[in-house]
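Here are a few short exercises to work through at your own pace. Keep the viewer open and try each task before reading its solution.

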Amino acid sequence: MNYFELHIGDYAEATQHLSILEDGVYTRLLRKYYASEKPLPVEIEKVQRLIVAKSKEEKAAVEAVLSEFFDLRDDGWHQDRCDDEIARYLAGEPERVAKKANEDARTERHRQERATLFAALTNAGRHAAWNTGIKELRALVAALPATAPATPVTAPETFEVTGAVTAPATPVTATQTPDTTSQLPLPTTQNKEDTDTGGRPPKPEFPPGFVRMWEAWPKHHRKGEKGECLKLWRKHDCEELADAIIGHIERMKASRDWTKDGGEYIPAPLVYIRNRRWEGAEDGDVLAAASGNQAVVL
């Protein structure tokens with residue numbers, strides 16, 4: 001268990017007679033109890049070492065708190081409220097795991113569909129912005145012609161006709177201007193002084209893996225400098241590692257490091273890519289946090 005709720009009023013009512021030292025000892029004992037999901041050791045000396053009680057006063061406070069708030073049994077010191085909350089948490093674990101698995105599966109299906117739709121548009125010679133919604137992407141792909149457009153013909157072709165011929169057909173040449181009225185604007189790298197960009201270079205085209213990574217990144221005040229992130233993404237050849245990187249980001253989004261204090265410690269994506277953070281994750285902690293742990297009530 002990574003979290004538990006503290007009802008301040010109830011706690012204050014039960015502990016208002018404790019000294020500051022005893023109150024600190026009690027909260028440490030509760031945190032150890034919930035973290036281990038089992039009673040505290042039978043031997044008081046082990047309990048004292050467990051919460052780093054070293055001085056004579058600290059050790060005495062441990063004994064006083066144990067005797068007042070805990071019950072010694074064969075397997076250790078029990079606290080009834082902790083036992084009830086741990087049992088309730090463990091009973092709900094299968095449901096949380098199943099819910100998390102379903103959410104992950106839906107997210108993966110969504111990403112795969114977006115990647116497939118973008119690939120279909122690219123193969124048809126068309127383009128859509130990286131942040132185009134899934135409904136709009138589906139509509140764009142549905143509007144694609146059933147077959148790819150024919151390549152320009154450089155010589156006259158002979159056709160069998162059944163009606164009167166009024167004039168010879170004009171051969172299709174390589175210089176003929178194609179009809180592009182039904183196509184989306186294609187990306188360009190040419191600077192034009194008479195366009196609305198004022199001669200500025202066009203925005204970079206984002207590769208699919210980078211687009212998926214940016215969408216997976218949590219909303220945060222440090223999420224910025226997208227252009228610089230793209231440069232580092234290409235520099236580190238991250239496109240080939242996109243699936244692994246996105247998988248790591250998803251795990252970190254559920255981890256204690258990225259969720260504590262309202263996400264205060266989520267790094268900037270620029271720092272994440274520059275330092276190749278996905279290569280140094282402590283997967284044990286990440287996976288444990290990603291299992292869907294929920295808060296319990298003290």
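The exercises below concern a predicted model, and each is followed by a worked solution.

**Exercise 1. Get an overview of the chain.**
Task: state how many helices and strands the protein chain has, and what percentage of its residues count as buried.

Solution: Begin with the secondary structure: the protein chain holds 13 helices and 2 strands. Next, turn to burial: 29% of the 298 residues count as buried. Then look at the surface, where the chain exposes about 19700 Å², with carbon and sulfur atoms supplying 53% of that area. Finally, consider the contacts with a separation of 6 or more: 64% of them join residues 24 or more positions apart.

**Exercise 2. Check the confidence.**
Task: find which element has the lowest mean pLDDT and which has the highest.

Solution: Start from the whole chain, which averages a pLDDT of 79, with 74% of the residues scoring at least 70. Now go through the elements: helix α13 (residues 283-290) has the lowest mean, 38, while helix α4 (residues 56-69) has the highest, 96. Then pick out two stretches where the pLDDT is below 50. Residues 150-170 form one of them, with 9 contacts in the model beyond near neighbours in sequence. Residues 188-197 form another, with 10 such contacts.

**Exercise 3. Classify two helix residues.**
Task: decide whether T15 is buried or exposed, then do the same for R111.

Solution: Locate T15 in helix α1 (residues 8-15). Its relative accessibility is 4%, and the cut-off for buried is under 20%, so T15 counts as buried. Leaving out residues up to four places away in sequence, T15 touches D23, Y26 and F69.

Move on to R111 in helix α6 (residues 93-123). Because its relative accessibility is 12%, R111 counts as buried. With the same sequence neighbours left out, R111 touches R212, A216, I246 and E250.

**Exercise 4. Look at backbone angles in two loops.**
Task: give the sign of phi for E225 and for D237, and say where each residue lies.

Solution: Recall first that most residues other than glycine have a negative phi. E225 has a positive phi, near 55°, and sits in the loop between α8 (208-216) and α9 (226-235). With a relative accessible area of 52%, E225 is exposed. D237 also has a positive phi near 55°, and lies in the loop between α9 and α10 (242-253).

How values were computed. Residues are numbered from 1 along each chain as its sequence is written. This is a predicted model: local features need pLDDT of at least 70, side-chain atom pairs count only at pLDDT 80 or more; totals for chains, interfaces and linings use all residues. Side-chain values use heavy atoms; hydrogens and water are left out. Helices (H or I, at least four residues) and strands (E, at least two) are DSSP runs, numbered from the N terminus. Buried means under 20% relative accessible area, exposed over 50%, partly exposed in between (1.4 Å probe, protein chains only). Contact means heavy atoms within 4.5 Å. pLDDT is the predictor's confidence in each residue, from 0 to 100. Accessible areas come from the Shrake-Rupley method with a 1.4 Å probe; for residues, only the protein chains shown count as cover.
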